[in-house]
Each structure stands twice: as structure tokens, then as C-alpha cells.
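Got your viewer open? Load the model and get ready to click through it with me, one stop at a time.

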Amino acid sequence: MLKKSAKETGEKAKDYFENGHHCAEATVRAVLEGFDVDASQAVAHSTAFSGGFARSGEEACGALCGAFIAIGHLCPRKGPGKPFDEALQLGKKIRQHFLDKYGTTRCGAIKAQFDEENPRLGCTKLVGRIT
């Protein structure tokens with residue numbers, strides 16, 4: 001059960017992003033901490049997802065990846081062949097949010113929609129919103 005409000009969790013994610021965590025790390029850490037779950041291992045697992053996979057900008061947004069990692073951590077499959085419908089439904093909902101808002105889930109295409117002067121500010125806002 002969520003221990004912090006969605007607003008508090010989003011603000012925490014933005015704070016993490018502005019203070020050294022990248023998009024995937026900030027998202028997964030804030031979400032899991034919002035549920036009062038130790039985030040250290042999940043944050044470590046999110047490391048290479050920064051900036052569209054290893055900062056390539058060519059693949060999925062790191063914040064989206066962080067959200068998916070958090071979903072897997074909170075709603076894990078209980079074993080091979082076991083159902084994972086809850087995780088799938090949450091993942092579909094978040095992915096659709098990206099498609100509705102940005103028309104894509106690709107990091108570079110999303111960042112191209114942000115202010116050219118400071119695209120990081122757009123990422124900060126996105127990290128806070130997705131969380």
C-alpha cells in the first residue's frame with residue numbers, strides 16, 4: 001500500500017533526478033520508497049536504462065523503464081508459468097499514458113518535444129509526473 005501521496009512521491013523523484021540520480025533510478029527509487037520498500041537493489045538494476053538505454057536516446061524513456069522495474073518489484077511473477085496480469089495491466093496503463101501524452105515511448109523523440117534550451121527540465125517534470 002502506498003505510504004506517501006502521489007504528489008510527495010513525484011516531488012521526491014524530481015529531487016532525486018535533480019541531485020544525481022538519472023531518470024530510471026529516480027523513478028524506481030521514489031516509487032518503491034513511496035510504498036516503504038527498500039529500493040537499493042531495484043535502483044542498481046535500473047542503472048543502464050538511463051536516457052533511452054545507455055544514454056543512446058534511441059530506445060524507451062528511462063523513466064518509463066524505471067516505472068516498469070518498480071512494477072515488477074511490487075507485483076512480481078511468483079514463478080515460471082504463473083500469471084502476472086496485474087503487472088501487465090499496470091505496464092500497459094503507463095505505456096499508454098506515454099503514447100497519449102508524447103506520441104511515443106522513445107527517449108529521444110520525447111526529449112525533442114521539450115524546450116531546446118533546457119531539455120533536462122522537461123525530463124525532471126516527466127520523472128515527477130510518471131511517478
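**Stop one: a glycine on a helix**

Select Gly-72: its relative accessible area is 37%, so it counts as partly exposed (buried means under 20% relative accessible area, exposed over 50%, and partly exposed is in between, using a 1.4 Å probe and protein chains only). This is a predicted model, where local features need pLDDT of at least 70, side-chain atom pairs count only at pLDDT 80 or more, and totals for chains, interfaces and linings use all residues. Residues are numbered from 1 along each chain as its sequence is written, and side-chain values use heavy atoms, with hydrogens and water left out.

Gly-72 sits in helix α4, residues 62-74 (helices are DSSP runs of H or I with at least four residues, numbered from the N terminus). Now draw a line from the C-alpha of Gly-72 to that of Gln-89: the two are 17 residues apart along the chain and 12 Å apart in space.

**Stop two: α4 against α5**

Next, show α4 together with helix α5, residues 85-102: they pack at about 165°, and their axes are 10 Å apart (axes are lines fitted to C-alpha atoms over the stretch in contact, and angles run from 0 to 180 degrees between N-to-C directions). So α4 is roughly antiparallel to α5, a label for angles over 145 degrees.

Which residues of α4 and α5 make the contact? From α4, pick Leu-64, Ala-67, Phe-68 and Ile-71; from α5, pick Ala-87, Leu-90, Gly-91, Ile-94, Arg-95 and Phe-98. Contact means heavy atoms within 4.5 Å.

**Stop three: zoom in on Leu-64**

Leu-64 is also found in α4. Is Leu-64 buried or exposed? Its relative accessibility is 4%, so Leu-64 counts as buried. Leaving out residues up to four places away in sequence, Leu-64 touches Ile-94, Arg-95, Phe-98 and Thr-105. Try the C-alpha to C-alpha distance to Arg-95: Leu-64 and Arg-95 are 7.5 Å apart in space and 31 residues apart in sequence.

**Stop four: over to α2**

Now select helix α2, residues 23-34. From first C-alpha to last, its 12 residues reach 16 Å, close to the 16 Å expected at 1.5 Å a residue (the expected span is 1.5 Å times one less than the number of residues). Mostly, α2 is covered, with 10 of its 12 residues buried; among them are Cys-23, Glu-25, Val-31 and Gly-34. What covers the buried residues includes α1 (6-18), α3 (40-45), α4 and α7 (119-130).

Last click: Asp-36, just after α2, takes a positive phi of about 60°.

How values were computed: Helices (H or I, at least four residues) and strands (E, at least two) are DSSP runs, numbered from the N terminus. Angles under 35 degrees count as roughly parallel, over 145 as roughly antiparallel, 65 to 115 as roughly perpendicular and the rest as oblique.
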